[in-house]
Amino acid sequence: RQLALMQHHDQTMTMTAMTTTPLCKHRSFSIPQTILYCLTLALVFVISLYAFVPSSVRQLRRDHVTHMKWRSGVVVAVASVGIAIYPWLFCEHDVHGDRNEWYRY
C-alpha cells in the first residue's frame with residue numbers, strides 16, 4: 001500500500017505502510033448474531049463495573065476521585081478486551097498457513 005503524504009509542484013511524496021498483522025476479512029454474520037455480540041459486550045461492561053470495583057470503593061459517592069479512577073480503569077479494561085477479541089470473532093483466520101492473507105482480498 002502506498003500513502004500519499006504531500007504534493008509539491010508535480011511530485012508526490014509517498015510512504016509505504018508497513019503492517020505486522022494481516023488485514024481482517026470479515027466473516028458474514030446474521031443480524032441476530034451481531035445483536036447478541038453487542039448485548040453480551042454491554043452486559044459484560046455493566047457487570048464488570050460491579051464485579052471488578054471493590055465494595056469499599058463502590059460505597060463511595062460516584063463523583064469521588066477513587067471511584068472514578070476504578071470505574072475508568074474497568075472501562076478501559078473491558079474496551080481493550082472487546083477490541084482484542086474482535087478479530088478472533090469476526091475475521092476469517094489464515095487457512096493456508098502462509099500468514100499472508102492481505103494479498104488475497
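What share of the 105 residues in this chain is buried? Let's hold that thought for a second, and hello, everyone. The model on the screen is a predicted one, so please keep that in mind as I talk. Now the number: buried residues make up 11% of the chain. The accessible surface comes to about 8800 Å², and carbon and sulfur atoms own 65% of that area.

Let me walk you along the chain. You will find two strands and three helices. Starting at the N terminus, the order is β-β-α-α-α. What about contacts across the sequence? Take the contacts with a separation of 6 or more: 40% of them are between residues 24 or more positions apart.

Next, let's look inside. In soluble globular proteins, nonpolar side chains tend to be buried together. Which residues form the largest nonpolar core here? There are five in all: Leu49, Val53, Val57, Val74 and Val78. Pick valine 74 and look around. Setting aside its neighbours within four places in sequence, valine 74 is in contact with Ser48, Leu49, Phe52 and Val53. Two of those names, Leu49 and Val53, you have just heard as members of the core.

Some nonpolar side chains sit on the outside, too. Phe45, Val46, Tyr50 and Val75 make a nonpolar surface patch of about 330 Å². Where does the largest share of this patch come from? Helix α1, residues 31-51, supplies three residues. Tyrosine 50 is found in that helix. Its relative accessibility is 46%, so tyrosine 50 counts as partly exposed, which falls between the buried limit of 20% and the exposed limit of 50%.

Now for my favourite part, the aromatic rings. How many aromatic pairs does the count come to? Three. In one of them, phenylalanine 29 and phenylalanine 90 have ring centres 5.0 Å apart. Their planes are at 70 degrees, so this pair is edge-to-face. The pair links distant parts of the chain, with the two positions 61 residues apart in the numbering. Phenylalanine 29 is in the loop between β2 and α1, while phenylalanine 90 is in helix α3, residues 65-90. Are these two buried or partly exposed? Phenylalanine 29 is partly exposed because its relative accessible area is 32%, whereas phenylalanine 90, at 10%, counts as buried.

Phenylalanine 90 has another ring partner, tyrosine 86. Here the centres are again 5.0 Å apart, but the planes are at 35 degrees, so the pair is tilted. Both residues lie in helix α3, four residues apart, about one turn of the helix. Tyrosine 86 is partly exposed, with 34% relative accessibility. Put the ring pairs together and you get a cluster of Phe29, Tyr37, Tyr86 and Phe90.

Last stop: charges. How many salt bridges does a search of the whole structure find? One. The side chains of arginine 61 and aspartate 63 meet there, at 2.6 Å from N to O. Arginine 61 has 61% relative accessibility, so that residue counts as exposed. Aspartate 63 has a relative accessible area of 47% and is therefore partly exposed.

That is my tour: a core of five nonpolar residues, a patch on the surface, a cluster of rings and one salt bridge. Thanks for listening!

Technical notes:
Residues are numbered from 1 along each chain as its sequence is written. This is a predicted model: local features need pLDDT of at least 70, side-chain atom pairs count only at pLDDT 80 or more; totals for chains, interfaces and linings use all residues. Side-chain values use heavy atoms; hydrogens and water are left out. Patches are made of residues with over 30% relative accessible area and no salt bridge: like charges are joined within 9 Å, nonpolar side chains (Val, Leu, Ile, Met, Phe, Trp, Tyr) within 5 Å. Accessible areas come from the Shrake-Rupley method with a 1.4 Å probe; for residues, only the protein chains shown count as cover. A salt bridge is a side-chain nitrogen of Lys or Arg within 4 Å of a carboxyl oxygen of Asp or Glu. Buried means under 20% relative accessible area, exposed over 50%, partly exposed in between (1.4 Å probe, protein chains only). A nonpolar core is a set of buried Ala, Val, Leu, Ile, Met, Phe, Trp, Tyr and Cys residues joined through side-chain atoms within 4.5 Å. Contact means heavy atoms within 4.5 Å. Rings of Phe, Tyr and Trp (its six-membered ring) pair if their centres lie within 6.5 Å; planes under 30 degrees apart count as stacked, over 60 as edge-to-face and the rest as tilted.
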